Amino acid sequence: MKTEIKLIDYLSTRRSIPAFQMGEPGPSKEEVEEMLTLASRVPDHGKLAPWRFIVYRGEERRRISEALAKIAMADKPDLSDEMVKVENTRLTRAPVVVAVVSRAAPHFKIPEWEQVMSAGAVCLNLVMAANAHGFASNWLTEWYAFDQRAYAILGVGEGEKVAGFIHIGTPTVPPTERPRPELSEIVTWVGDDA
């Protein structure tokens, strides 16, 4: 289900589809493996691969979502019925969810910040790889990406952090544009020809 498009055309129109606006079909195991191979082709000073992937598929997504919901409801027992439903469906909104897990750690030569940025680059590459395969994708973090109690449920190990959850599926609605910053607001020119 790969999409043929020039990179510059893709970058000028790239948009995320909200995870709750994705459905089946999701990518096959082979397609996910291709996406992960492409996602791994990022700047990685020292060739440390300071990140790894956890792929959530099938019914296991529901079990994990319900376990995460228990944490959320214990923290906020007065959650509305609508928010309880949201918490119970965290990983079931899209057919496939991939956690990009940062394993950044102190190193004698490679700054930890560079390792963290490499994990971020993996997230963006995975978003683009999913799109190149014809699927919608969305990079989310949400509360459970930062909650140590959720890590055991999610399969995140000691000393690791979640860089993002990439939701992948087929869009159920067309993408919409959103406001983008004006270059004058985000660019500082330095030099004689600026």
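Start your tour of this predicted model on helix H2: select Glu 30 and Thr 37, which are exposed on the other side of the helix from its buried residues.

**Turn H2 around**

Keep H2 in view, residues 29–39, and select Glu 31, Val 32, Met 35, Leu 36 and Ala 39, which are buried. Now look down the axis of H2: these buried residues fall within an arc of 140°, so they line one face of the helix. If the spacing looks familiar, recall that an α-helix has 3.6 residues a turn, so residues three or four places apart point the same way.

**See what covers that face**

Next, bring up the elements that cover the buried residues of H2. Among them are two strands, S2 and S3 (96–102). Add helix H5 (112–132) and strand S5 (161–171), which also belong to the cover.

**Step out to a loop**

From strand S2 (51–57), follow the chain toward helix H3 (60–75); the loop between them holds Glu 59. Is Glu 59 buried or exposed? Glu 59 is exposed, because its relative accessible area is 56%. Then draw a distance from the C-alpha atom of Glu 59 to that of Thr 92: you should read 8.5 Å, although the two residues are 33 residues apart along the chain.

**Finish at a nonpolar patch**

For the last stop, select Leu 183, Ile 186, Val 187 and Trp 189, and show the surface: together they make a nonpolar patch of about 470 Å². Leu 183 sits in helix H7, which spans residues 183–186. With a relative accessible area of 59%, Leu 183 is exposed.

Key:
Residues numbered from 1 in each chain as written. Predicted model: local features only at pLDDT ≥ 70, side-chain atom pairs only at ≥ 80, totals over all residues. Heavy atoms only, no water. Patch = residues over 30% accessible without salt bridge, like charges linked within 9 Å, V, L, I, M, F, W, Y side chains within 5 Å. Areas by Shrake-Rupley, 256 points an atom, 1.4 Å probe, with all protein chains shown as cover. Salt bridge = Lys/Arg side-chain N within 4 Å of Asp/Glu carboxyl O. Helix = DSSP H or I, 4+ residues; strand = E, 2+ residues; numbered from the N terminus. Buried < 20%, exposed > 50% of the residue type's maximum accessible area, 1.4 Å probe, protein only. Arc of directions from axis to C-beta. Contact = heavy atoms within 4.5 Å.
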